[in-house]
Amino acid sequence: MRHRLSASGRRLGTLAGLFGLGVLLWALTPHFLTVSNLLNVLEQTSINAVIAAGMTFVIISAGIDLSVGSLVAVAGVVLASTLHAGMPITIALAASLAVGFAFGLLNGLAITWGRLPPFIATLGMMSIARGCALLFTEGRPVSGFDPAFRSIATARLLGIPAPVFVTIAVYLMAHFVLAETRFGRYVYSMGGNEEATRLSGVNVRLHKTLVYGVSGLASAVAAVLLTARLNSAQPIAGIMYELDAIAATVIGGTSLMGGEGGLGGTIIGALIMGVLRNGLNLLGVSSFVQQIVIGLVIVFAVLIDTVLKARKG
Amino acid sequence: MRALHRSILYPAVATLVALAGGCNRAAGTGTTGRPRVALVMKTLNNPFFIDMQRGAEKAAKDLDVDLVVQAADRETDVERQMQIVENLIQAHVGALALTPSGSREVVPVVGKANAAKIPVVIVDTRLDQKAATDAGVKTASFVGSDNYRGGQIIGEYLVKVANGRAKVAILEGIPGHETGDSRVRGFKDAIKGSPGVTIVASQPANWERDQGFNVFQNILQAHADIDTVFACNDIMALGAIEAISAAGKAGQIRVLGFDAIDDARRAITDGKMTATVAQYPDEMGRAAIEAAVKAMKGEAVPADIGVRIGLITKENAARDSDKK
Amino acid sequence: MTDMSQPAPLLQMRGICKQFPGVRALDEVAFELQRGEVHVLLGENGAGKSTLMRVLSGACARDAGEILIDGRPVALHSPRDAQALGISTIYQEFNLVPHLSAAANIFLGREPLVGAGIINRGKLLADATSLLRGLGTTIDPGVRVKHLSVAEQQMVEVAKALSLDARILIMDEPTSALTESEIDELFSAIGRLTKRGVAVIYISHRMEELARVGHRATVMRDGRYIATRPLPCPIPTLVRLMANRDITQHFPTPTRRRGAPLLHVEGISHPPRLHDVSFTLHRGEILGVAGLLGAGRTELARAIAGADVPTAGRVVLEGRPLRVRAPSDAIRAGIGLVPEDRKRHGFVPGQSVAANLALPQLRRLARAGVVDRRRERALATRWIEELRIKTPDASARVLTLSGGNQQKVVLGKWLAAGSDVLIVDEPTRGIDVAAKMEIYQLLDRLAADGAGILMISSELPEILGMSDRVLVMHQGRVQAVLDAHEATQERVLQAALGLAS
């Protein structure tokens with residue numbers, strides 16, 4: 001049972017970190033532990049959390065996806081343009097999700113059939129997708145949507161912002177896929193030992209391609225939230241979002257080596273980053289110091305994992 | 001063991017944060033009892049905004065209010081700026097001065113400030129009129145210089161010094177930015193009457209120095225005959241100056257900028273740059289905080305507060321530097 | 001020192017103790033090594049050989065005990081100390097940089113320089129050449145290591161150790177990846193070393209080669225020193241010391257009976273290692289595949305199992321030709337492969353025993369893509385019991401199991417998938433004696449239940465003891481197919497060497 005305890009133990013540790021951070025902020029500022037601020041943090045975390053959910057699939061499969069930020073931009077401008085063309089919301093959502101998924105699949109194909117390292121394939125896509133978004137919009141934001149669409153970001157149910165529900169839904173679904181389905185098993189197996197998985201008769205190419213599709217899909221969901229939130233889709237949106245998503249994933253204990261990790265850790269990782277940023281704003285800490293602190297948290301979180309693993313042998 | 005390690009570490013890091021925060025003059029939760037206002041800027045890696053911060057801090061001191069200054073890491077990151085504003089609303093600041101990273105995109109968060117009854121003063125970049133009207137958001141005031149007029153001023157100056165003959169490259173800011181668009185429009189309108197002044201290339205360099213360098217270097221490759229570059233801010237102009245000297249064309253190309261930051265003034269004094277438009281961001285910062293404090297107290301504030309604007313050339317580059 | 005006629009041994013280890021959480025890995029172990037001696041260290045897996053050698057090489061700190069060199073106690077607490085004392089280890093996995101030349105590898109980090117940071121290439125090559133020639137090999141020191149064979153890379157490792165003035169050389173399973181002729185070369189190189197006074201600590205599971213190379217053998221069991229015997233010594237005696245019991249019978253008595261033809265392989269090719277191989281495998285049969293390293297045995301296994309796609313030939317299963325383009329095609333047809341390199345190809349180390357057992361047939365265990373955990377659990381429980389896999393429970397990660405139990409998990413994958421044809425490539429490599437016996441019994445039982453088994457092995461006794469027929473490969477082709485009664489060590493070896501019988 002030891003192996004089990006260590007995995008969930010790590011997650012508990014991350015959770016304890018989040019809790020400790022919360023207690024500290026509660027002690028330092030009266031504005032932190034209020035219902036409206038906590039809801040505010042959840043809402044702000046939603047976009048990164050959704051992208052990180054897709055990133056978790058990719059990283060567990062021993063890959064990396066640097067293109068997510070650009071995919072957010074592409075999916076966003078497609079969504080916005082479809083809405084501006086007078087299409088119903090459902091069609092626009094479908095178009096945007098389809099575009100995100102398709103770009104993700106292209107990443108996957110470049111990696112599986114083109115045999116490119118994921119770092120390179122998605123680095124290329126990062127630029128290609130960004131260029132597509134800029135070209136598609138001639139560099140200009142597409143803004144102004146009707147309230148029905150904007151309600152994706154602005155609606156409240158029981159006082160809780162809609163993006164929080166979207167995030168919860170995304171995580172429940174993603175967790176189900178990762179933990180309960182064949183595809184989820186294959187994601188872990190490919191990340192843990194790709195060749196053994198292939199020799200077990202798994203169509204590694206297909207499933208790996210799908211992993212990147214999932215990541216693209218998650219980016220598109222994030223694009224919907226972002227566009228509704230800003231009431232605008234910018235072709236320059238999402239620059240460097242990949243780093244926040246990777247950070248949330250690794251703070252959550254998913255190993256960059258692949259094969260290990262899970263969404264429970266990732267959501268906590270995303271919340272740690274969100275709470276940290278929120279708290280630093282509330283405390284009025286200078287923007288420069290904020291960057292240092294966030295960097296330190298990322299490095300320390302991963303350092304602890306490395307040290308513990310090294311000690312375990 | 002693992003749980004223990006993490007639970008010890010995070011608070012440790014957070015303590016560090018708290019210490020860092022404690023050192024920061026702007027920190028505080030109103031413990032001083034003084035009213036608190038916030039200035040949220042696009043970024044802090046542009047001297048323009050550093051000057052703005054300086055002016056704002058001076059005003060806050062004079063008016064005896066606490067000032068919180070925050071900015072996103074990148075000028076393009078509207079979402080992050082939005083988060084900062086949301087967090088400051090949670091921290092119940094008395095008033096907010098905001099330089100929008102996106103003239104349409106920040107409208108929703110200004111709406112949130114309205115709902116929280118926190119007056120908002122917009123600085124430097126106007127909100128998109130239509131978006132603001134559609135959303136029904138209210139701002140206490142706009143503080144800024146007229147970017148369109150600034151573009152006109154420098155365009156008129158070019159027509160004069162070039163005797164009506166020039167081949168011009170334009171380095172634009174981020175596409176869709178009200179500020180850059182207005183400057184370009186003003187510039188183009190000013191040269192309209194001179195058929196000898198032609199624009200041969202116009203490319204975005206996203207407000208950044210390295211991109212100003214690269215984009216202009218590429219433009220030079222395509223158009224060797226360019227004799228003037230107009231960059232929509234000085235940062236890009238300084239990048240273009242590097243590209244010019246790298247191409248061995250120092251002194252052969254007029255460089256026009258915008259903002260009159262210190263480095264640009266120095267470049268003009270040194271003869272590497274031709275002219276720029278002074279924007280006086282420190283005055284903007286001061287006026288913004290003054291307006292914010294008035295609005296907070298419920299006093300009347302003019303809807304539009306103009307900050308002076310002026311042409312800076314070799315004649316006045318050093319003399320006009322009155323902000324130090 | 002005091003008695004000049006009887007100089008102190010080169011190395012003495014006394015009362016070495018090492019405690020790991022829950023295990024006493026070394027308990028008052030003693031070991032002694034003379035100059036110019038090849039001293040074999042014997043023991044089942046987990047007997048403490050590796051830990052003792054890790055202590056000696058400074059990789060692992062001892063809890064108690066002393067180490068003496070030339071009769072003087074030495075401080076040995078780090079790999080650096082060990083290197084300074086002239087102790088070098090050659091591990092099974094070599095520590096070489098594949099893109100650098102042999103010479104550059106030998107002197108890595110200690111390159112002869114001309115000036116500040118500029119390598120003296122002439123001296124580098126000359127020194128490397130003389131070291132390699134001293135070992136009796138003809139390796140060109142300028143060739144990149146990745147182009148060298150395993151045996152040649154091993155020689156480079158030995159040369160590297162010598163360049164460090166090694167007086168004590170620890171060799172861990174040095175022959176496991178070598179062909180017979182390469183083993184001869186290795187042994188002659190070892191002979192040259194011992195003449196120069198270098199002492200070798202030799203760890204091997206290959207009992208039959210010990211007497212050829214070793215002077216003495218020390219047996220360890222359960223972290224304790226058991227006995228030291230001069231070599232040659234009867235193998236049963238050594239085995240008894242290792243296992244503390246008589247292993248009169250190395251192989252189970254067959255219970256299987258050969259049935260109808262199951263698998264025809266016709267003219268299968270995958271150049272450059274596999275050319276036009278044909279054979280028939282019957283139900284209830286274990287067909288041994290023998291051959292030297294590089295004879296194409298693993299390639300044959302991979303081609304049939306769809307791991308590689310053959311360029312020519314066909315596979316017919318019970319009269320139906322198969323179209324195998326990927327492992328999944330072979331698996332669907334009922335062909336399972338237990339690969340040679342378990343760790344790299346056999347299982348997913350970070351995943352649970354249950355997940356590994358279920359991996360090839362998640363399709364069957366899942367409804368609408370959702371894995372039925374109850375059925376998965378039931379399957380795992382069944383095969384853990386049936387194969388007697390020693391694991392705390394079905395959710396234990398495979399990497400926490402011993403080698404033998406890992407191998408059982410890999411076998412279990414295919415048994416659970418109901419494979420008719422089982423291809424096992426080196427099924428007992430790196431597995432202790434008791435676990436080997438269990439694997440043999442398992443293979444026999446499977447054949448008795450009607451499966452056909454293709455068993456590739458480099459251990460001749462295993463081939464001879466287990467096979468109903470032996471297929472001998474040489475340079476990618478079938479050299480001979482021998483019935484059990486005609487397959488002798490000599491005949492198999494002759495065929496493997498490509499000599500006509």
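Reader: Before we start, when does a residue count as buried here?
Author: A residue is buried if 20 or more other C-beta atoms lie within 10 Å of its own. Keep in mind that this is a predicted model.

Reader: Ok, so what share of chain C is buried?
Author: In chain C, 47% of the 501 residues count as buried.

Reader: And how many helices and strands are in there?
Author: Chain C has 18 helices and 24 strands. Its radius of gyration is 25 Å, close to the 23 Å from the globule rule for 501 residues, so chain C is as compact as a globular protein of that length.

Reader: What does the C-alpha trace of chain C span along its principal axes?
Author: About 75 × 50 × 50 Å. As for contacts in chain C between residues at least 6 apart in sequence, 66% of them join residues at least 24 apart.

Reader: Now the contact between A and C. How many residues does each chain give?
Author: Chain A puts in 22 residues and chain C puts in 29 residues.

Reader: Which elements of chain A give two or more residues to that side?
Author: Those are α1 (2-28), α8 (182-192) and α9 (194-199) of chain A. The most comes from α8(A), with six residues.

Reader: And what is that side of chain A like by class?
Author: It has five nonpolar, 10 polar and seven charged residues.

Reader: Switching to chain B. What's the strand order in the open sheet of four strands?
Author: The order is β7-β6-β8-β9 (chain B), and the pairing is parallel. β7 (197-204) and β9 (254-256) of chain B are at the edges with a single partner strand each, so one side of each has no neighbour in the sheet. On average, neighbouring strands of this sheet are turned by 20° against each other, direction ignored.

Reader: How many bridges join β6 to β7 in chain B?
Author: Seven bridges, between β7(B) and strand β6 (residues 166-172) of chain B. Ile170(B) sits opposite Ser202(B) in β7(B).

Reader: Which helix lies across β6, β7 and β8 of chain B?
Author: That's α8 (residues 209-222) of chain B, running at about 150° to β6(B).

Reader: Last thing, what domains does the assignment give for chain B?
Author: The domain assignment gives domain 1 (31-145 + 280-307) and domain 2 (147-278) of chain B. Their centres, taken over C-alpha atoms, are separated by 29 Å.

Reader: How many residues of those two are in contact?
Author: 12 residues of domain 1 of chain B are in contact with 11 residues of domain 2 of chain B. The domain 1 side has three nonpolar, five polar and four charged residues.

Key: Residues numbered from 1 in each chain as written. Chains lettered and ligands numbered in written order. Predicted model: local features only at pLDDT ≥ 70, side-chain atom pairs only at ≥ 80, totals over all residues. Rg over C-alpha atoms; globule rule 2.2 N^0.38 Å. Buried ≥ 20, exposed ≤ 12 C-beta atoms within 10 Å, placed from the backbone. Contact = placed C-beta atoms within 7 Å. Nonpolar A, V, L, I, M, F, W, Y, C, P; charged D, E, K, R; others polar. Pairing = 2+ DSSP bridges. Axes fitted to C-alpha atoms, helices over the stretch in contact; angles between N-to-C directions. Domains from an automatic or database assignment.
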